[in-house]
Amino acid sequence: MHQVRSFMVLPALPEQLKPVRDLAYNLWWTWNPDAFELLRRMNLDLWRESRHNPVAMLARMPQEHLERLADDAAFLASIHRVQAQLESYLSHPTWFNKHFKNHDIGTVAYFSAEFGLHECLPIYSGGLGTLAGDHLKSASDLGIPLVGVGLLYRQGYFHQYLTQDGYQFEDYPDLDFSLLPVNPIRDEEHRPVTIKVEVGGHEVEAMLWKSTVGRITLYLLDTNLTRNRPEDREITARLYGGDQEMRIRQEIMLGIGGMRALRALGIRPSVCHMNEGHSAFLAIERIHQLMTEDHLSFAEAREVVATSTVFTTHTPVPAGIDTFPSSLVTRYLSGYCHRLGIREQHLLELGRINAADANEPFSMAVLALRLSYLSNGVSKIHGEVSRKMFSAVYPGVPVNEVPITSITNGIHTRSWLSSEVAHLFDQYLGPQWTEYTDEASAWDRVNLIPDAELWRSHERLRERLVAFCRRRLKLQLVARGAPPAEIDATDEALDPEALTLGFARRFATYKRATLLLYDMERLAKILSDVDRPVQLILAGKAHPRDEAGKELIKKITHFCKQPELRNRIVFLEDYDMSIARSLVWGVDVWVNTPIKLHEASGTSGMKVIPNGGLNLSVLDGWWPEAFDGDNGWAIGDRRIYGNQDYQDFLEANSFYELLEKEVVPSFYERGPDGLPRRWIARMKASLKTACPVFSTTRMVREYTQRLYEPAADRWLRFSADEFKIARDVAAWRQQLLEHWNEVQIEGVRAEIPEEIVVGHEVPVEAYVRLGAIDPSQVSVEIYYGPLDARGLIIKGTSIALKCEGPEGDQHRYRYKGVLPCEYSGQCGYALRVVPHHPELVARYHVGLLRWG
């Protein structure tokens with residue numbers, strides 16, 4: 001085949017319009033209403049055709065149209081105004097500047113397999129990517145010194161289209177990177193910057209790109225280079241595409257390649273944050289870089305890396321975690337193990353719960369946990385679920401002490417807020433409200449918004465949503481080749497004045513869309529009520545290999561075709577961030593029905609709240625933290641039954657009853673002025689209680705204060721004085737591992753009187769043999785608390801005993817202390833010996849614990 005040499009042709013922008021190009025390449029415009037409107041008004045038809053992509057729109061815009069814009073004084077004034085806003089945003093002092101001005105935390109590197117910043121950069125599939133995108137945006141707003149790292153997928157995630165029968169098919173069109181808001185990174189000689197990673201015994205080269213997100217830079221790797229093998233060019237072809245072999249190749253490129261990309265750019269992060277386990281190999285590469293550049297041993301480098309790495313798990317069930325057969329891991333990483341100076345078995349043990357079980361698959365989440373001393377779930381419930389799910393990684397550790405905390409997810413409010421409501425907030429919350437999105441006092445001013453104005457704004461948003469749905473439905477039917485009469489009928493789909501419910505998410509089994517259709521006759525009766533009409537808009541994709549999900553979509557589309565429901569329920573194809581925005585702007589109620597303890601957090605319901613929408617949700621994920629009885633509705637209660645069929649029956653009945661007896665009557669109960677006052681009161685309660693809490697402003701601040709700052713401090717301490725502390729901690733760990741079998745609890749005695757009351761302190765004495773271990777290297781503790789029916793301590797706490805010195809011989813020590821009686825009822829205690837080092841925050845990661 002003949003060789004094709006490529007070159008790039010750029011639009012000839014008039015000088016006056018050149019600031020627009022700079023704006024198009026900074027995704028700040030996605031959350032600035034003036035910038036968004038400026039780009040949209042350049043050419044509305046091209047804006048829609050390009051899927052709201054200003055780079056593609058500019059490339060396709062006729063030159064004469066550009067010249068007309070350059071002569072439009074009003075448009076040029078808008079350019080100058082938006083340009084001034086961007087310059088002010090970039091130069092304005094930030095929260096981080098104010099609170100960390102004397103504290104350098106270095107650079108935080110945030111790794112994620114997907115980033116959902118906007119539909120014009122389609123390298124996301126769902127909630128994980130959307131959260132990552134919102135994380136970057138809030139990091140920009142707050143001024144956090146953070147960079148993002150991901151992969152630039154040539155085909156992104158699939159486009160969905162349905163057959164006439166409702167069956168989902170997938171389309172994977174190639175993206176033209178020259179028409180995306182990304183730029184190749186070039187060196188001083190204008191050559192593309194690339195890195196190399198060994199993948200399966202040979203090197204694969206990746207080109208580096210960047211996308212600008214306000215103040216933040218997102219670095220992306222691309223293996224679609226002609227000098228790579230055909231199979232290697234496919235590594236960055238599709239998000240979550242291919243089999244297990246493709247997944248491990250992608251995760252090697254993300255983790256190892258991502259760290260090498262940062263190194264090639266001269267960035268040495270003080271903190272690395274793994275957003276899910278996909279990027280866990282970054283910890284291995286970080287260790288490798290420390291060994292190569294700073295001459296540390298594997299054990300020493302591991303201490304530095306683990307103490308400055310953050311891992312966020314988003315998975316509440318084991319089935320959702322990436323695991324690989326041992327043979328696949330050794331095939332792809334055996335050469336890497338050799339360079340690390342460790343056996344293949346050592347690496348495999350890092351990814352297994354039971355290191356000795358050769359049949360256990362290699363888990364990326366377990367690897368992430370073992371190589372990060374700061375881990376968190378994404379809601380309070382998910383933190384509890386994660387501590388139980390991963391408790392076996394920390395044998396002997398009580399579940400409530402498993403070192404996984406929680407930071408509840410949020411949303412980037414301005415990215416999901418309609419301009420309609422934003423104007424209301426500017427007027428009544430004050431023009432600076434965007435700087436205080438996580439402060440309750442700012443949202444208390446919602447009470448100042450007149451009920452009529454809030455309701456009219458929301459009604460206009462519902463009208464726009466109905467118009468949007470009609471356009472989308474018409475396009476869907478045209479693409480399917482539907483008859484003209486059926487296409488014309490979309491003009492009457494939905495009612496702009498009817499109560500509108502939204503349900504949009506991945507069609508995974510645990511999301512339980514089946515609950516809506518549990519009693520289809522009852523649902524049809526609710527939807528088709530002539531006097532109090534209700535309509536339901538659904539959207540979402542099933543994974544290409546999820547046949548159950550595809551069948552569910554098919555079932556829903558068949559339900560939509562019933563003659564009496566044709567204008568009351570619709571399914572929108574190819575769910576993306578554009579559809580999501582229209583839905584969360586315009587629906588009255590967002591429905592969420594996951595199987596309990598299967599929703600880690602969920603953020604879609606958070607997005608309707610700033611726009612005046614209400615939540616009708618199962619009490620799972622974030623909703624138990626938000627729901628107070630007045631700001632939405634809870635499907636069912638907090639109980640979990642052993643029989644899922646019975647759980648479905650109860651919660652489906654609760655869903656229908658809430659609609660029939662609470663939601664619908666409240667919506668249609670109007671006063672003399674035509675306003676649903678009770679409904680509006682609930683809207684305001686939702687705005688005031690949820691908006692300040694469930695924002696990524698609050699979330700990223702929490703990550704910075706609770707995780708990034710301490711991790712950065714430990715990076716600085718561990719790397720100081722030629723990594724002296726790291727070497728000391730590694731030596732301490734090794735000594736404990738060699739001599740832990742010498743630790744024995746020989747006795748414990750508590751002077752318990754016949755009658756004890758709350759507040760009493762019981763003297764405790766213990767005798768422990770430590771062998772070659774010094775008392776300063778361990779903590780001897782009483783673990784105590786109330787007992788359950790099985791005689792096990794629940795929600796226990798610990799208190800350290802004081803070493804009184806040797807007892808009998810030099811290896812046996814006496815410890816004393818008191819046991820506080822803080823609870824009434826049946827209580828218990830146990831003695832334990834735990835590793836202790838003043839520089840170690842994660843004592844349970846040592847893997848040593850002795851109970852007696």
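**Exercise 1. Into how many nonpolar, polar and charged residues does the lining of the largest cavity divide?**

Solution. The lining of the largest cavity comprises nine nonpolar, seven polar and five charged residues, where Ala, Val, Leu, Ile, Met, Phe, Trp, Tyr, Cys and Pro count as nonpolar, Asp, Glu, Lys and Arg as charged, and the others, Gly among them, as polar. The model is predicted, so that local features need pLDDT of at least 70 and side-chain atom pairs count only at pLDDT 80 or more, while totals for chains, interfaces and linings use all residues. Residues are numbered from 1 along each chain as its sequence is written, and side-chain values use heavy atoms, with hydrogens and water left out.

**Exercise 2. Determine the volume of the largest cavity and the elements that supply its lining.**

Solution. Begin with the term: on a 1 Å grid over the protein atoms alone, a cavity is a set of points where a 1.4 Å probe fits but cannot get out, and lining residues have an atom within 4 Å of a point. Grid points are joined across faces, edges and corners, and the volume is the space filled by probe spheres set on the points. The largest cavity holds about 350 Å³ of space, and of the 21 residues that line it, Leu473, Leu477, Glu486, Cys560 and Arg566 are the closest to its centre. Next, turn to the elements, which are DSSP runs numbered from the N terminus (helices H or I, at least four residues; strands E, at least two). At least two lining residues come from each of α19 (451-480), α22 (547-560) and β17 (569-572), and α19 gives the most, with four residues.

**Exercise 3. Place β17 within its sheet, and find which helix lies across β17.**

Solution. First, read the strand order of the open sheet, which is β17-β16-β15-β18-β19-β20 with parallel pairing; two strands pair if DSSP finds at least two bridges between them. The edge strands, each pairing on one side only, are β17 and β20 (632-635). Second, look at the partner of β17: β16 (residues 534-539) pairs with β17 in the parallel sense over four bridges, and Ile537 stands opposite Val570 in β17. Third, helix α23 (residues 577-586) lies across β15 (499-504), β16, β17 and β18 (589-592), running at about 160° to β16. Here contact means heavy atoms within 4.5 Å, and angles run from 0 to 180 degrees between N-to-C directions of axes, which are lines fitted to C-alpha atoms, for helices over the stretch in contact.

Note on methods: On a 1 Å grid over the protein atoms alone, a cavity is a set of points where a 1.4 Å probe fits but cannot get out, and a pocket is an open set with protein on both sides within 12 Å along at least five of seven lines; lining residues have an atom within 4 Å of a point.
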